[in-house]
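Me: I am new to this structure and would like a close look at one part of it. How many disulfides does a search of the whole structure find? Please answer at length and then set the result against the rest of the model.

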Amino acid sequence: MSSRGLGKKTGATIGTLAGAAGGMSAALSGAAAGAHVGMGLGVEAVPCMPPLGAVAGAILGGLSGGIAGCAVGAALGEAIDGSVLSNCRCLSCGHVFSHQRA
């Protein structure tokens with residue numbers, strides 16, 4: 001018997017993409033809000049750095065969001081594998097079935 005893990009793989013992929021998009025969006029909107037507040041206060045430390053900070057923030061936000069989304073998606077997919085999908089395959093005949101855990 002081998003485990004296919006379709007739900008876990010699919011959940012991890014979808015979670016990674018959604019988390020990365022959400023993390024990048026949040027980082028960019030935070031950078032834009034920070035730049036707006038900084039300009040309103042008259043703070044202009046280094047005029048060429050805000051775009052670089054926004055890009056770095058978007059990259060780091062995307063990475064952290066992708067990691068979190070992957071973990072949540074994999075856990076959800078594993079739960080679906082165990083309760084809904086036929087997750088097991090017989091190695092000798094290829095039959096696909098659900099394995100009931102005690």
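Reply:
**Cysteines and their surroundings**

Zero disulfides turn up when the whole structure is searched. The model is a predicted one, and the result applies to the model as it stands.

The pair to look at is C93 and C90. The cysteine sulfur closest to that of C93 belongs to C90, and the two are 3.6 Å apart. A disulfide requires sulfur atoms within 2.5 Å, so the distance of 3.6 Å is too far for a bond. C93 itself is exposed, because its relative accessible area is 59% and the exposed class begins over 50%.

Two other cysteines fall into other classes of accessibility. C70 has a relative accessible area of 28%, so this residue counts as partly exposed. C88 has a relative accessible area of 7% and is therefore buried, the limit for that class being under 20%. C88 sits in strand β2, which covers residues 88-89. The C-alpha atom of C88 is 6.0 Å from that of R4, although the two residues are 84 places apart along the chain.

That pairing leads to the overall layout. The protein has two helices and three strands, and read from the N terminus the order is β-α-α-β-β. Strand β1 takes up residues 2-3, helix α1 residues 6-40, and helix α2 residues 49-83. Of the contacts between residues at least 6 apart in sequence, 76% join residues at least 24 apart.

Helix α1 supplies two examples of residues that meet distant parts of the chain. One is K8, which belongs to α1 and touches A74, G77, E78 and D81, leaving aside neighbours within four places in sequence. The C-alpha atoms of K8 and G82 are 9.8 Å apart, with their positions 74 residues apart along the chain. K8 has 38% relative accessibility, so it is classed as partly exposed.

The other example is L28, also found in α1. L28 is in contact with A54 and A58, again not counting residues up to four places away. From L28 to V55 the C-alpha separation is 7.8 Å, for a gap of 27 residues in sequence. With a relative accessible area of 42%, L28 is partly exposed as well.

Next comes the surface. The protein exposes about 6800 Å², and carbon and sulfur atoms supply 72% of that area. Buried residues account for 21% of the 102 residues. L6, L76, I80, V84 and L85 form a nonpolar surface patch of about 430 Å². One of these, V84, lies in the loop that runs from α2 to β2. V84 is exposed because its relative accessibility is 59%.

A last point is how confident the predictor is. The mean pLDDT of the protein is 77, and 74% of the residues score at least 70. Confidence is highest in α2, with a mean of 83, and lowest in strand β1, with a mean of 67.

To return to the request: the search finds zero disulfides, and for C93 the closest cysteine sulfur, in C90, is too far away for a bond.

Notes
Residues numbered from 1 in each chain as written. Predicted model: local features only at pLDDT ≥ 70, side-chain atom pairs only at ≥ 80, totals over all residues. Heavy atoms only, no water. Patch = residues over 30% accessible without salt bridge, like charges linked within 9 Å, V, L, I, M, F, W, Y side chains within 5 Å. Areas by Shrake-Rupley, 256 points an atom, 1.4 Å probe, with all protein chains shown as cover. Salt bridge = Lys/Arg side-chain N within 4 Å of Asp/Glu carboxyl O. Helix = DSSP H or I, 4+ residues; strand = E, 2+ residues; numbered from the N terminus. Buried < 20%, exposed > 50% of the residue type's maximum accessible area, 1.4 Å probe, protein only. Contact = heavy atoms within 4.5 Å. pLDDT = per-residue confidence, 0-100.
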